[in-house]
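Let's take a friendly walk through a protein model, from the whole chain down to a single residue. Have a look at the sequence and the structure first, and then read on.

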Amino acid sequence: MSTATGTRRDVLGTSALRPDGWQKVAGSFDFSSDLFADGMLWGATLRSPHPYARIRSIDTSAALAVPGVAAVVTADDVPGKPTYGLIHQDQPVFARDVVRYMGEPVAAVAADHPETCRRALAAITVEYEVLQPVVDAATALDAPAIHPDGNVLRHQRIVHGDPDATGDVVVEGDYEIGMQDQAFLGLEAALALPDAGSVTLHIATQWLHEDRTQIAACLGLPEDRVRLVLGGVGGAFGAREDISLQVHTCLLALVTGRPVKMQYGREESFFGHVHRHPARIWMRHHATRDGRIVKVEARFVMDGGAYASTSPAVLINAVTHAQGPYRCDNAVVEGWAARTNNPPCGAMRGFGVVQACFAHESQIDRLAAACGIDPVEIRLRNAMRTGDLMITGQVMDSVAPVERCIRETAALPMPQDADDDPLSRPGGSGLTADRRHVVRGVGWGVSIKNLMYSEGFDDHASARCTLQAGRVSLKFATAEVGQGFVTLARQIAATLLGSDDVVLEPMDTDIGSAGSTSASRQTWMSGGAVDGACRMVRERLFERVASAHGLDPLRLAIDGTDVVDTMGDLRVPVAEASAGEAISHTFEHHHRPTEELDEKGQGRCHVAFAFVAHRAVVDVDPELGIVKVVQIATAQDIGRALNPLSVIGQIEGGIAQGLGLAVMEEIIVEDGKVRNPSFTDYLLPTALDAPEVLATLIEEPEPMAPLGAKGVGEPPCVSSTPAIVAAIRDATGRALSRVPVRPQDICL
Amino acid sequence: MAEHYTLRVNGASHDVRDAWLGESLLYVLRERLGLYGTKGACEQGECGSCTVFLDGAAVCSCLVLAASAEGCDVTTIEHIGSDDEPSDVQRAFVEQGGVQCGFCTPGLVMAVHALLDANPSPTRPEIREAISGNLCRCTGYGRIFEAVDAAIRERGA
């Protein structure tokens, strides 16, 4: 179905509809788990039941004897590099001598039926010598190394201004953030098709090219013999940035010479991807009596789990955002990411900043109380502005409407009194809360979040635009994970080229990298690439029209679906002007360079920043310890609303994930063992938990951004969490220094 | 494994041969009948992605043994509408922004059809309760509520 109806055109700024929406509602959209091939085998993974153990022996002979089994592979069968990783390649494709976390892959099988796979896995005998796991991140730093690379994944200090500065008012606290799961709905799945020593992998991922680099190295193949095609992605949120089943699927396909499909179940998914880092944070703020921040001190210990993944970058994000969206001239901050025998942690929406924000926003409320100042007023007094110096010495040169975010959030209406419907009370359909016991509270959270990759990394993006006879064809490797880049790309082309006939070519590795769909970066980066490619094509189109009519091409412009002479009467439909030979250009967008931090944590390490404020209203039953988040009001700094409907969707979705971290979501790990790897025991917000969301979009176009728009994906889940916890504190008087807030934290 | 039974799905009969009797209805719909519109995301009846109608009642197909559905009428998302001819609920999901990654969407569409067929004018709490067995990780449910409201308006018009 076309989304361009009548006179409405899907240009930038409109709420154009998703081009894949009609397939998605009809169930005809191919997610990677929906793919199949003739003669296909199923793959499955054997995982360690122990968080830390030596492997004495692996006997696969009984598994190979199970009828229907085509192959069993272990570390011995990995033809190339035995390890992979986004930053450090320290994670084995299969454990060889030692397993370092519960769920680490040990072997994989390919067979004719998932049930045959299950029986084959059960027939593999692994003899383990169980070791005492290292499970506390702080003690891991000095404990005997559990990996040849040591237990310190990263350490960074930030010393800025006068480290000895003090204030009249000092507040400090210890904070703890639990391990959150991305819990995308579409489980890990891939289909590998072998072809004479080459392989094509259809995969739900966030970054096709980075996957390819890691897969090819492990397979011992040149990259041009590994082709990746994006399978439909059922959500990501960071969990698809690392390798999960990619290498295993390709390896089984190459070994058997047959197509192999792998897909995880929900339990396996909890073991198959990284999670949000649990963190312990100590923070101390010095301020003047009128609440102006003089200095921040902080210590972060983040649990990276068994392998590095993106822990080094997550740690840097955490420590460099310790000041929050507030001016702060002096800082002494130190952070560690530790290796433990807990599940590996890596990227999740907010990427280290979620953890920092829970601490700094809890601190700001303590400071407000200590100074006798309203929580909103103290935030306004300290609000960062464009031109301020950050604790890294980086000048804040993004548009920084922090004060406006706070004021516009405060201007949104408060919710009405608790309604009488018991479904709306804390406990929802459990009907457990008595209205007379319910207490209402209000809390605030404000945050800053970096956009794009940092520390000198050039995460560029490519796109190709082809125009012929009015039809625009766009090619990019940008992973569409649900965020709506497929909608935005069409809007960019419709706007710049005056065409309503915009088709998207398959997303695969047949074009240059688009970088990862993460770090709130694709609107800026891939948007910039599509914008650049369309502009180059438009220039050629104008040259063609100009030469045909003897005009200066600079006089030409796109008006609606026509090329027009801005100084004359000429008006040619784009479809007519672009008849004949196709015009095609590829554009590679780069953000400005960044730098690594020095030993004092100084350096322009981030590209740009976005800001947001959240005000939460909660109803709490203090006796039962249950919470209903009634309303979240928010004003978000988005630069420019390229698609308001998509922006609202990101805001509401991010807030729900922030709510989850605030009051229900936590992977429980005891002695290195995951206790709740299921949707029965890992609780996610449902429709009954969803708060009313009131959102104001603050549109101050960002001059650095190609389309004036900032990324909008991460900020909603950064400060919604501390806002909700502050509201629970307001309702109950409890200190609440950890998230998620559990019933026993409120009622016991 | 050599078993044989018949499933009636979307009005048509399908022979299921040589199937392991432990297969769920979800597995058989997808992997044996090629009806991939029904999704699986938890295998425990927690997420609702696999919602189908069994003799008109919304059930989680991951919790139903396929062989036990012999003699029942099974209705899947493929019978509700198509890309070109969406149902009112499906249209509302697209137009109101209720779709992001879309993985939960077929199950939610089934749940909303079940709700509105039983109760054409549900209250907001009734809507929330009715779809609270369907997890969505992308949208935060706000645009899904808008979609349900739009479908109700259209049916009432």
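Let's begin with the secondary structure: chain A contains 18 helices and 31 strands. Please keep in mind that this is a predicted model.

How does the radius of gyration of chain A agree with that of a compact globule? A compact globule of 748 residues would have a radius of gyration near 27 Å, and chain A agrees because its own value is 27 Å. If you drew a box along the principal axes around the C-alpha atoms of chain A, the box would be roughly 80 × 70 × 55 Å. Inside chain A, 61% of the 748 residues are buried. Contacts also link distant parts of the sequence: of those in chain A between residues at least 6 apart, 81% join residues at least 24 apart.

**The domains**

Chain A is divided into three parts, listed here with their residue ranges.

| Domain of chain A | Residues |
|---|---|
| domain 1 | 21–30 + 459–589 |
| domain 2 | 33–132 + 187–233 + 240–272 |
| domain 3 | 279–454 + 596–747 |

Taken over C-alpha atoms, the centres of domain 1 and domain 2 of chain A are 38 Å apart. The two also touch: 16 residues of domain 1 of chain A are in contact with 17 residues of domain 2 of chain A. On the domain 1 side of this contact in chain A, there are 6 nonpolar, 7 polar and 3 charged residues.

**Where two chains meet**

How many residues of chain B are in contact with chain A? There are 46 of them, and they meet 49 residues of chain A. On the chain B side, α2 (88–95), α3 (105–118), α4 (124–130) and α5 (142–156) each supply at least two residues. The largest share, 4 residues, comes from α2(B). Sorted by class, the side of chain B that touches chain A has 20 nonpolar, 16 polar and 10 charged residues.

**One residue up close**

Now zoom in on A:A95, which sits in the loop between β5 (91–92) and β6 (98–99) of chain A. Is A:A95 buried or exposed? A:A95 is buried, because 25 other C-beta atoms lie within 10 Å, and the cut-off for buried is 20 or more.

Which residues does A:A95 touch, leaving out those up to four places away in sequence? They are A:S48, A:I55, A:A75, A:E104, A:P105 and A:V106. Of these partners, take A:A75: A:A95 and A:A75 are 20 residues apart in sequence, while their C-alpha atoms are 6.4 Å apart in space.

Terms used: Residues are numbered from 1 along each chain as its sequence is written. Chains are lettered from A and ligands numbered from 1 in the order in which they are written. This is a predicted model: local features need pLDDT of at least 70, side-chain atom pairs count only at pLDDT 80 or more; totals for chains, interfaces and linings use all residues. The radius of gyration is taken over C-alpha atoms; the globule rule is 2.2 Å times the number of residues to the power 0.38. A residue is buried if 20 or more other C-beta atoms lie within 10 Å of its own, exposed if 12 or fewer, and partly exposed in between; C-beta atoms are placed from the backbone. Two residues are in contact if their C-beta atoms, placed from the backbone, lie within 7 Å. Domain bounds come from an automatic or database domain assignment. Ala, Val, Leu, Ile, Met, Phe, Trp, Tyr, Cys and Pro count as nonpolar, Asp, Glu, Lys and Arg as charged, and the others, Gly among them, as polar.
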